[in-house]
Amino acid sequence: MAAPGAGLPAELVRLRGSIDNIDAALVYLLAERFKATQQVGVLKASRGLPPSDPAREARQVARLRTLAHEAELDPVFAEKFLAFIVDEVIRHHEAIASDARTAG
């Protein structure tokens, strides 16, 4: 069996290695983000706060668009990515709130 990257240009192998490292970092960063948002969901549920906060979400979208522009990343893509994450967070918060109501 040939080694991964055998016969490929060294630059391509190097770039793919960097991409793999970045992907791994993204997974760990997302895991940390979701650990924090789970704690937020528990706190919101214990205080009877709603799972979503549209005002904060709007501020985050504006902030992310600015960061994306500064980083030379398509702001539309960045906004879609954030929306995907926020939708998942809200789903988790709704489940936490539902569990808290059932247990309470």
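Okay, one definition before anything else: when I say partly exposed, I mean a relative accessible area between 20% and 50%, with buried under 20% and exposed over 50%. Glu 11, for instance, is at 46%, so Glu 11 goes down as partly exposed. Keep that scale in mind, as I'll lean on it a lot. And keep in mind too that what you have in front of you is a predicted model.

Let's start with the overall layout. The protein has 3 helices and 0 strands, so reading from the N terminus you simply get α-α-α. How does the radius of gyration compare with the globule rule? The radius of gyration is 19 Å, while the rule gives 13 Å for 104 residues, so this protein is more spread out than a compact globule. If you look along the principal axes, the C-alpha trace spans about 60 × 35 × 15 Å.

What share of the residues counts as buried? That's 14% of the 104. The accessible surface comes to about 8000 Å², and 63% of that belongs to carbon and sulfur atoms. As for contacts, take those with a separation of 6 or more: 58% of them are between residues 24 or more positions apart.

Now, a residue from the buried group. Thr 37 sits in helix α1, and its relative accessibility is 12%, so Thr 37 counts as buried. Which residues does Thr 37 touch, once you leave out those up to four places away in sequence? Val 89 and His 93.

Right, salt bridges. Searching the whole structure turns up 4 of them, and I'll talk through some.

Back to Glu 11, then. The Glu 11 side chain meets that of Arg 14 in a salt bridge, 2.7 Å from N to O. Both are in helix α1, residues 10-47, and because they're 3 residues apart, about one helical turn separates them. Why does that spacing help? An α-helix has 3.6 residues a turn, so residues three or four places apart point the same way. Arg 14 is partly exposed as well, at 45%.

There's a comparable arrangement in helix α3. Arg 91 makes a salt bridge with Glu 88, and the closest N and O atoms are 2.4 Å apart. Again we have two residues of one helix, 3 apart, about one turn. Arg 91 has a relative accessible area of 47%, so it's partly exposed, and Glu 88 is partly exposed too, at 25%.

The next one joins two helices. Arg 65 and Glu 79 bring their side chains together in a salt bridge at 2.6 Å, N to O. Here the pair links distant parts of the chain: Arg 65 belongs to helix α2 and Glu 79 to helix α3, with their positions 14 residues apart. In terms of exposure, Arg 65 is at 32% and Glu 79 is at 31%, so both of these are partly exposed.

While we're at α2, a word on its geometry. The helix covers residues 54-70, so 17 residues, and its end-to-end C-alpha distance is 24 Å, close to the 24 Å expected at 1.5 Å a residue.

Just past the end of α2 there's something you might want to look at on the backbone. Glu 72 has a positive phi, about 60 degrees, although it isn't a glycine. For context, most residues other than glycine have a negative phi. Where is Glu 72 found? In the loop between α2 and α3, the latter being residues 75-103. And is Glu 72 buried or exposed? With a relative accessible area of 78%, Glu 72 is exposed.

Last stop, the aromatics. The count comes to 1 aromatic pair. That pair is Phe 77 with Phe 81, and it's stacked: 6.2 Å centre to centre, with 20 degrees between the planes. The cut-off for stacked is under 30 degrees, which is why the pair gets that label. Both rings come from helix α3, 4 residues apart, about one turn of the helix. On the exposure scale, Phe 77 is at 45%, so partly exposed, and Phe 81 lands in the partly exposed range too, at 38%.

That's my tour, thanks everyone.

Definitions and conventions: Residues numbered from 1 in each chain as written. Predicted model: local features only at pLDDT ≥ 70, side-chain atom pairs only at ≥ 80, totals over all residues. Heavy atoms only, no water. Expected span 1.5 Å × (residues − 1). Buried < 20%, exposed > 50% of the residue type's maximum accessible area, 1.4 Å probe, protein only. Phe/Tyr/Trp six-rings, centres within 6.5 Å; stacked < 30°, edge-to-face > 60°. Rg over C-alpha atoms; globule rule 2.2 N^0.38 Å. Contact = heavy atoms within 4.5 Å. Areas by Shrake-Rupley, 256 points an atom, 1.4 Å probe, with all protein chains shown as cover.
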